[in-house]
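The following exchange examines how terms such as buried, core and patch are justified from the coordinates of a structure. Each answer sets a value beside its criterion.

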Amino acid sequence: MFKNGPEYEERLARPFVPPTVTLKQIHDAVPKHLLQKDPLRSTGYVLRDVFFCALFFAFGATIEPLLQSHFLGFVPLTSPWQTTLARSVLWLTYWWWQGIAFTSFFCVAHELGHGTMYNSWWANNIPGFLLDTFVLAPFFAWKVSHNAHHKAVNSIERDENYVPHLRSDYKLPPEQRATTADYAEVFEETPLFTAVRMFVMQGMGWWLYLSSNKLGAKMYPKGTNHFSPFSALFNDKQRMSIFISDVGLVGMLYLLYTFGQAYGWKALAAYYFVPYVLCNHWIVMITFLHHSDPTIPHFRKGEWSFLRGAAATVDRPTLGWIGRFFFHNVAHDHVAHHFFSHIPFYNQPAVTEAIKPVLKENYNFDSTNSFYALYRSFTECCFIEDEGEIVFYKNRHGVAQRQLAEDAIYAIKKEGWTQEVQDELADGVDSDSSTWTD
């Protein structure tokens, strides 16, 4: 369980050669019917998520009555410890599944934000706004920054989130002069402190990003956030939608306050707050692992292309069938999503199979247990170098886990590779790709 998957080990052993396949070849490999939306099927998924959330709320509401009735007389609870144990098991079960259900709201709202489920702007954005607001996510604000992420994924200069720290950010000496003591002074810590930092990231990382641009793009000024309509993240045409997101969040907070006043703050914590924190955990875990991995490259301007950025992600079977069912393929088929963010998530498994033979060794999958992968990336993805057009994360000892195939990269450049040619599509073909503009 706590070991690297064979796909990860294979990538480690293979020096990295960036893909030379073209975006047109990727698009040509995908049957056109997979690009079509099915509004009836889309509605079924939205209603399914709402149904399970309501079902889990109903289950939570029965916990105390079940205990008081000794499970309707079928399971006598004769000792206090038995009641405590039964209560703990039932509430832990509720929290687990309701946290999953809350995350399903975020995941399906993510799809609605991409416009993948309906042809109507209103049909995508109204339910997306309502579902995200329920889990206190600013739908329109995150939609803006997330779509910008898709246009610049794994670009060191332009990507929107989980942007790697640089050697200079830690004030480390140059690589040639840095010693073991230099790295230890910055990165050495006890296992307990590592656990605390991971707890902070998993519990608060989502809100730190939204409120202070933590690990966000460095091109924005200090104070950038997802709540101010006048934040540097947004342009004039977007500011009203950001205000609407804020009004939705205030309204939801008021509803939660009203619930707490009526039923008690303990009930609010039990029914909503604990699942909400678990939802935040899943959001951070899934999104962090998409692009933060010791075997996945980041690119600077000279080597970045939309295709190379889109391919620089990892498909993971997070939570197995639970992730497929509730998280709507957001972890299982993320490579396909970055190439075709405008198609419905329920077609992504077929798209993944279609593009694998085209990407070949540049298709990234990792069967490593996702919790172990989270720990691995958290402890090994420490920083990248300030120079270099293609770079990999280095660990706390200043060592990159994967190497570049320098000769092959030189040959690709000599043959005339350009970002514009690699990302070129036929006129009228829909894509997230865009050329670099200063």
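Q: Which residue follows helix 4, and what is the sign of its phi?
A: In this predicted model, helix 4 is followed by Gly115, which has a positive phi near 75°.

Q: How do you know that the length of helix 4 agrees with the expected span?
A: Helix 4 has 34 residues, and at 1.5 Å a residue these should span 50 Å. The C-alpha atoms at its ends are 49 Å apart, and therefore the two values agree.

Q: What does the same comparison give for helix 9, and which residue follows that helix?
A: From its first C-alpha to its last, helix 9, with 25 residues, reaches 36 Å, close to the 36 Å expected at 1.5 Å a residue. Gly264 follows helix 9 and has a positive phi near 100°.

Q: Which residues of helix 9 are buried, and what covers them?
A: The buried residues of helix 9 include Arg239, Asp246, Leu249, Met252 and Leu256. Their cover includes helix 5 (121–134), helix 6 and helix 10.

Q: What makes a group of residues a nonpolar core?
A: The residues must be buried, belong to the nonpolar types, and be joined through side-chain atoms within 4.5 Å. The largest such core here has 58 residues, and Met117, Trp206, Tyr272 and Phe327 have the most contacts inside it. Among the elements that give two or more residues to this core are helix 3 (39–68), helix 8 (191–212) and helix 10 (265–291). Helix 4 supplies the largest share, 13 residues. A second, separate core of 30 residues includes Val30, Ile343, Phe392 and Leu425.

Q: Which residues are in contact with Tyr272, leaving aside its neighbours within four places in sequence?
A: Tyr272 is in contact with Phe102, Phe134, Val135, Leu136, Met252, Leu256 and Ala267.

Q: Why is Val196 called partly exposed?
A: Val196, in helix 8, has a relative accessible area of 41%. Partly exposed covers the range between the cut-offs of 20% and 50%, so Val196 belongs to that class.

Q: Which nonpolar patch on the surface includes Val196, and what is its accessible area?
A: The patch is formed by Leu192, Phe193, Val196, Phe199, Val200 and Met204, with about 620 Å² of accessible area together.

Q: Why does Ala148 count as partly exposed?
A: Ala148 lies in helix 6 (residues 139–151). Its relative accessibility is 26%, and buried would require under 20%; Ala148 therefore counts as partly exposed. The C-alpha atoms of Ala148 and Asp159 are separated by 7.5 Å, with the two residues eleven places apart along the chain.

Q: What makes Asn329 count as buried?
A: Asn329 has 7% relative accessibility, and the cut-off for buried is under 20%, so Asn329 counts as buried. Asn329 lies in the loop between helix 12 and helix 13 (334–339). Beyond residues up to four places away in sequence, Asn329 touches Gly323, Arg324, His334, Phe345, Tyr346, Gln348 and Pro349.

Q: What makes the phi of Asn329 and the phi of Asn213 noteworthy?
A: Most residues other than glycine have a negative phi. Asn329, although not a glycine, has a positive phi of about 65°. Asn213 also has a positive phi, near 60°.

Q: Where is Asn213, and why is Asn213 called buried?
A: Asn213 is in the loop between helix 8 and helix 9. Its relative accessible area is 11%, which is under the 20% cut-off; Asn213 is therefore buried.

Methods
Residues are numbered from 1 along each chain as its sequence is written. This is a predicted model: local features need pLDDT of at least 70, side-chain atom pairs count only at pLDDT 80 or more; totals for chains, interfaces and linings use all residues. Side-chain values use heavy atoms; hydrogens and water are left out. Buried means under 20% relative accessible area, exposed over 50%, partly exposed in between (1.4 Å probe, protein chains only). Helices (H or I, at least four residues) and strands (E, at least two) are DSSP runs, numbered from the N terminus. Contact means heavy atoms within 4.5 Å. The expected span of a helix is 1.5 Å times one less than its number of residues. Patches are made of residues with over 30% relative accessible area and no salt bridge: like charges are joined within 9 Å, nonpolar side chains (Val, Leu, Ile, Met, Phe, Trp, Tyr) within 5 Å. Accessible areas come from the Shrake-Rupley method with a 1.4 Å probe; for residues, only the protein chains shown count as cover. A salt bridge is a side-chain nitrogen of Lys or Arg within 4 Å of a carboxyl oxygen of Asp or Glu.
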